[in-house]
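Here are my notes on the model, set out as numbered points for you to follow alongside the coordinates. I begin with a pair of helices, and then turn to the sheets and to one residue.

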Amino acid sequence: SRNMENDVSLKFHRQLLLIDENLVAEDVAALKFLCTDLLTFRKLEGVKSALDIFQLLMAEAYLNEEDTFLLAELLYRIKCHSLLKKLGYTKEKVQECLHEKGRVSPYRQMLYELSENITNEMLKDIAFLLQNHLPKRWITRLCEERDKCSPLELLILLEKQGLISENNLQILENVCMHVSPDLLEPVNCYRRAKVEFKNTAIGHVQLGKKLVLGREMSERKGWTGAFYSVSWCWFFKFQLIITKLCNKYYTWMISSNSCCKGSGPIFSMDQSLMTFFLFFLQKITSYKMDGLHRGFCLIINNVNFDKPLQERKGSCKDAEELERVFTWLGLDVRTYKDQTSQQIINLMEMWQQSQDHKDRDCFICCILSHGESGAIYGKNGELVSIRMIMSYFTAKQCPQLAEKPKLFFIQACQGKEIQCPVYVEADAQIPGLSSMQHNVSPSESIPEEADFLLGMATIDGYVSFRHVQQGAWYIQALCSKLQLLVPRGEDILSILTEVNDDVSRRVDRLGTKKQMPQPAYTLRRKFIFPIPKDPPPS
């Protein structure tokens, strides 16, 4: 018996030795990184070879003669598939077992895939952007010996300094967005899966509470247990159906998310089941956005005005950015420049009567102009009520858009002009023009029925600011947050909250002018843009 044990142990150590001999320095660095959640930084600092890692894993009981799956998973993650046979595994066998036995966290997998996509030039750019956060000796080494600095090493540095973690990826996302938006793909995949898992767990808890409350109510009212029994019966039958469908959904999730391709499941089957529950719940709590055509997006861009209104320099930058972003989101964008008040009304009437809305999921209208409280200016200096513009698309006036979300974004001042520095202008009436007799809040501008959202660049009575070269604060923040948060599966109200935060932090170059946007809505469900297949346009 002892001889047999010795033979098994000898065979196991020979396997480890053979694997070590077939791994190069880059493979060892990858293994070391993937084990960071299992072993402490201090222990991993002394690692020189794969054998050192194997020894540490055995000391922590992660690896032994009877259970070699963790090592098989690690080799699978770093794509050393040919070495799996030395442990008695195949690529397919590892994939089958990952959902039950996988030990590498989704967070660690995401960072590893991200590192695989970072080129030497990208690494240099990232280091430049983060130079105030990184040790100077590392920056110096990167400049002098670029080949000896790796993306994995950079990520470890960021973790050690507390700049990134499972719940804090903001600085990483910001840097990736600046260097190459394509780098965000694995990060967005990780975030979506994490949010779905969390939300679905909450849904399960709430469903359980409702069933318990149903039982308590039936007992208080003296009802029989029939209703309660039926409720639980329905729940378990529904769960059984979901479990059967989950296998198909799970396969689809793995094949459609790039961060899972080639690396197997990143969540257990229970987690996949919960993700499917969220998929189902989201369908019944969100607006339908899975039609063949997303919808139309109108952009009215008033730049040149009859005197005494001034030219709105920088507005074309906003219009171009809106067109790029909403086209990326799948909308059919139509841009109209320098429209008079009557032309704006005519446009609303034309789109109100369009039969093409029937097969569309939503309708969006963006207006960039000068404005006053509750109204915007046509190029001829005449005001058009925002409420009147929106009223053309009520269910009664435009049946084709009934029960569909209708979003309006208004970049215009809602009060008197403020004197601004030369590079910042106010989208307001210039002195001498008559203003409206009373203030109108955004909520008063929305028609008194469901499915509308009005995003105003500023609160009533105040100016909104526009950089003459970079565009309006509000529109630039809106486009930026849509590109960042839509891939995470965020709904429009969450995105607009982030827009508010972004704009509220901005000041003019003298630090004396600020702005606060204000959304108002009568939406009945969550409005969530489907995640585009292509990366963000900028």
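1. In this predicted model, helix α2 passes helix α7 in a right-handed crossing. The two helices, α2 spanning residues 25-34 and α7 spanning residues 106-117, have axes that come within 10 Å and cross at roughly 150°; because angles over 145 degrees count as roughly antiparallel, α2 is roughly antiparallel to α7.

2. As for the side of each helix that takes part, Ala-30, Phe-33 and Leu-34 of α2 meet Arg-108, Leu-111 and Tyr-112 of α7. By residue class, this contact of α2 with α7 comprises five nonpolar residues and one charged residue, with no polar residue among them.

3. Further along the chain, six strands make up an open sheet with mixed pairing, and their order across the sheet is β2-β1-β3-β7-β9-β12. The edges are formed by β2 (332-337) and β12 (518-521), each of which pairs on one side only. Between neighbouring strands of this sheet the average turn is 10°, with direction ignored.

4. At the β2 edge, the pairing can be followed residue by residue: strand β1 (residues 293-301) runs parallel to β2, and six bridges join the two strands. One position to inspect is Cys-297, whose bridge partner in β2 is Val-333.

5. Which strands does helix α20 lie across? The helix, made of residues 492-504, lies across β7 (406-411), β9 (452-456) and β12, and the angle at which α20 runs to β12 is about 160°. Since an angle over 145 degrees counts as roughly antiparallel, α20 and β12 can be described in that way.

6. A separate entry concerns an open sheet of three strands in the order β4-β5-β6, with antiparallel pairing. Its edges are β4 (371-372) and β6 (383-385), and because each of these has a single partner strand, one side of each is left without a neighbour in the sheet. Strand β5 (residues 375-377) pairs with β6 in the antiparallel sense over three bridges, and Ala-375 stands opposite Ser-385 in β6.

7. Is Tyr-377, a residue of strand β5, buried or exposed? Its relative accessibility is 2%, and because buried means under 20%, Tyr-377 counts as buried. For a check on the fold around this residue, one may also look at Gln-339, which is 38 residues away from Tyr-377 in sequence, while the C-alpha to C-alpha separation of the two in space is 9.2 Å.

Technical notes
Residues are numbered from 1 along each chain as its sequence is written. This is a predicted model: local features need pLDDT of at least 70, side-chain atom pairs count only at pLDDT 80 or more; totals for chains, interfaces and linings use all residues. Side-chain values use heavy atoms; hydrogens and water are left out. Axes are lines fitted to C-alpha atoms, for helices over the stretch in contact, and angles run from 0 to 180 degrees between N-to-C directions. Helices (H or I, at least four residues) and strands (E, at least two) are DSSP runs, numbered from the N terminus. Angles under 35 degrees count as roughly parallel, over 145 as roughly antiparallel, 65 to 115 as roughly perpendicular and the rest as oblique. A crossing is left-handed if the near helix is turned anticlockwise from the far one by less than a right angle, and right-handed if clockwise. Contact means heavy atoms within 4.5 Å. Ala, Val, Leu, Ile, Met, Phe, Trp, Tyr, Cys and Pro count as nonpolar, Asp, Glu, Lys and Arg as charged, and the others, Gly among them, as polar. Two strands pair if DSSP finds at least two bridges between them. Buried means under 20% relative accessible area, exposed over 50%, partly exposed in between (1.4 Å probe, protein chains only).
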